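Me: Please take me through a few local features of this model. Keep the reasoning short.

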Amino acid sequence: MLIALTRAVSPSIAECELTHLERVPIDVTRAEAQHAEYEATLRSLGVTVVRVAAAPALPDAVFIEDTAIVLDEIALVTRPGARARRAELDAVRGALMEYRPVIALDAPATLDGGDVLRVDRTLYVGRSGRTNDEGIEQLRRLVRAYDYEVVPVAFSGCLHLKSAVTEVADRVLLLNPAWVHASAFSGCEVVEVAEGEPFAANGLRIENRVIYSSQYPLTRDALVQRGVQPALVDSSELAKAEGAVTCCSLVFTSS
């Protein structure tokens, strides 16, 4: 059974952390409706949605992906690079303890879950303003016993690695070549985002389907031509907070 941990949109989301985008007004009511559609889409694909307790005072809490990495054997609570986001961790840790043994990173490591792309037993980890070398090295040490390889990846132009590349089918990556080089991902097939849709590389794979933003029709068409089946959602308000479809859940199998 697939589980998705989610967290409600905070009424303070307009105060979110921003790195690459200019701050613009966010319609909280519309963001909440889009998040509800996202959760409904998860359920329609057979996923059990479990909401972590709301955190109205934490603007970025809806972007729960950054707080943990859930593997088959363990859950790793991260240490977000944005200091204000570390207040999100305790509630997520408590929720994950229902499903996995939980371990955590220690200072001075920083690591955001959005910088970690799993492909089979390889964890590609983006070096970013939110994830440092110590975070990558601690992750490597902690998962070595479970036979995962950690591969650092350089990228630029966006907040997290998974803004630049995600897996949409077995070893098939949706990728923005302006932000990350395909050569970093050995043995993978690449589908490039369409020209004019730089933020289109983020898709959330749910078995043989991919939850995908309706804002990127040209890239959606490329996915369909490749045989990928998108389940479309509107994520336009959450995108103003540098969020995307992978950001809003932690998806894993129950054990």
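Me: Is proline 59 buried or exposed?
Reply: This is a predicted model. Proline 59 sits in the loop between strand 2 and strand 3. Its relative accessibility is 15%. Buried means under 20%, so proline 59 counts as buried.

Me: Which residues does proline 59 touch, not counting residues up to four places away in sequence?
Reply: Serine 10 lies 49 residues from proline 59 along the chain, yet their C-alpha atoms are separated by 5.5 Å. Serine 10 is also one of the residues touched. The full set is Ser10, Ser12, Ile13, Glu15 and Cys16.

Me: Is threonine 110 buried or exposed?
Reply: Threonine 110 is in the loop between strand 5 (102–104) and strand 6 (116–119). Leaving aside neighbours within four places in sequence, its contacts are Arg79, Pro80, Gly81, Arg86, Arg130, Thr131, Asn132 and Gly135. The relative accessible area is 11%. With the cut-off for burial at under 20%, threonine 110 is buried.

Me: Within what arc do the buried residues of helix 2 fall?
Reply: Helix 2 covers residues 89–96, and Leu89, Val92, Ala95 and Leu96 are buried there. Viewed down the helix axis, these buried residues line one face, because they fall within an arc of 130°.

Me: Which strands do the buried residues of helix 2 pack against?
Reply: The residues in question are Leu89, Val92, Ala95 and Leu96. Their partners include strand 1 (2–7) and strand 2 (48–52). In full, the buried residues pack against strand 1, strand 2, strand 3 (68–70), strand 4 (75–77), strand 5 and strand 15 (250–253).

Definitions and conventions:
Residues are numbered from 1 along each chain as its sequence is written. This is a predicted model: local features need pLDDT of at least 70, side-chain atom pairs count only at pLDDT 80 or more; totals for chains, interfaces and linings use all residues. Side-chain values use heavy atoms; hydrogens and water are left out. Helices (H or I, at least four residues) and strands (E, at least two) are DSSP runs, numbered from the N terminus. Buried means under 20% relative accessible area, exposed over 50%, partly exposed in between (1.4 Å probe, protein chains only). Contact means heavy atoms within 4.5 Å. The arc is that of the directions from the helix axis to the C-beta atoms.
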